[in-house]
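Visitor: I'd like a close look at one part of this model, the sheet and whatever packs around it. Could you walk me through that slowly, with enough of the rest to place it?

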Amino acid sequence: MGKDFMDAPIATDIADENLARQRLRLWLQMLKATRYVEGTLREKLRAGYDTTLPRFDVLAALHAAPEGMKMSELSQHLVVSNGNVTGVVDRLVTEGLAERRNLETDRRAFVVNISDKGRALMDEMTAEHLQWIDSIFENVSEPDAARGISIMLDIRHKS
């Protein structure tokens with residue numbers, strides 16, 4: 001077998017090559033962990049609620065915004081395109097889990113709210129979701145969770 005690509009020599013201006021390789025390993029482990037958690041959540045949502053992670057995410061955002069959200073706010077909050085959100089919202093409205101109303105100030109724009117039926121479902125799903133996440137992360141101590149959060153914030157807030 002050949003060398004692992006992470007052990008191959010590199011020609012760069014990196015000050016500490018060993019640290020750079022450790023950071024690469026961290027990224028790959030973060031990616032694997034994220035994929036594992038998302039896959040587990042997708043399966044639990046499908047099996048337990050016949051729903052998808054994007055639908056759950058939209059309902060969770062609406063659940064947290066009792067005044068509702070404009071479609072642009074919703075897509076910005078979820079970091080997805082308006083087109084992706086529109087399809088999910090359309091299905092949620094059809095199923096009675098969300099409601100859409102036009103803005104009085106701009107008839108072309110509308111606000112989406114979670115319905116009472118959607119709120120009841122989300123109350124149940126968020127309680128389950130907390131248990132699922134707690135179970136997935138059962139081997140992570142409180143100090144390690146705090147350090148992990150700090151690391152993720154450091155990565156996201158780099159100038």
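Guide: Sure, let's start with how the chain touches itself. Among contacts in the protein between residues at least 6 apart in sequence, 47% join residues at least 24 apart. Keep in mind that this is a predicted model, so everything here is computed from predicted coordinates.

Now the parts list. The protein has six helices and three strands, and from the N terminus on they come in the order α-α-β-α-α-β-β-α-α.

On to the sheet itself. The three strands make an open sheet, ordered 1-3-2, with antiparallel pairing. Strand 1 (69-70) and strand 2 (98-102) are the edge strands, each pairing on one side only.

Take the strand 1 side of the sheet. Strand 1 and strand 3 (residues 110-114) run antiparallel and are joined by two bridges. In one pairing you can pick out on screen, Lys 70 has Val 111 in strand 3 as its bridge partner. Over on the other side, strand 2 and strand 3 also pair in the antiparallel sense, over five bridges. There you'll find Ala 98 standing opposite Ile 114 in strand 3.

How enclosed is strand 3 by the rest of the structure? Four of its five residues are buried, so strand 3 is largely enclosed. The cut-off behind that word is a relative accessible area under 20%. As a backdrop, 24% of the 159 residues of the protein count as buried.

Next, what lies over the sheet. Helix 2 (residues 53-63) lies across strand 1, strand 2 and strand 3, and runs at about 95° to strand 3. Helix 2 also packs against helix 4 (residues 82-94), at an angle of about 75° and with the two axes 10 Å apart. Because angles of 65 to 115 degrees count as roughly perpendicular, helix 2 is roughly perpendicular to helix 4. If you want to pull up the side chains, select Pro 54, Arg 55, Val 58 and Leu 59 in helix 2, which meet Val 88, Val 89, Arg 91 and Leu 92 in helix 4.

Two loops leading into these helices are worth a stop if you check backbone torsions. Asp 50 sits in the loop between helix 1 (17-49) and helix 2. Asp 50 has a positive phi of about 50°, although it is not a glycine. Asp 50 is also exposed, with a relative accessible area of 67%. Then there's Val 79, in the loop between helix 3 (71-78) and helix 4. Val 79 has a phi near 55°, again a positive value in a residue other than glycine. With a relative accessibility of 72%, Val 79 counts as exposed.

Finally, zoom out to the whole chain. The C-alpha atoms fill a box of roughly 60 × 35 × 35 Å along the principal axes. The radius of gyration is 21 Å, whereas a compact globule of 159 residues would have one near 15 Å. As for the surface, the accessible area of the protein comes to about 11,400 Å², and 53% of that belongs to carbon and sulfur atoms.

So, back to the part you asked about: strand 3 pairs with strand 1 over two bridges and with strand 2 over five, while helix 2 lies across the three strands and packs against helix 4.

Key. Residues numbered from 1 in each chain as written. Predicted model: local features only at pLDDT ≥ 70, side-chain atom pairs only at ≥ 80, totals over all residues. Heavy atoms only, no water. Pairing = 2+ DSSP bridges. Contact = heavy atoms within 4.5 Å. Axes fitted to C-alpha atoms, helices over the stretch in contact; angles between N-to-C directions. Rg over C-alpha atoms; globule rule 2.2 N^0.38 Å. Buried < 20%, exposed > 50% of the residue type's maximum accessible area, 1.4 Å probe, protein only. Areas by Shrake-Rupley, 256 points an atom, 1.4 Å probe, with all protein chains shown as cover. Parallel < 35°, antiparallel > 145°, perpendicular 65-115°, else oblique.
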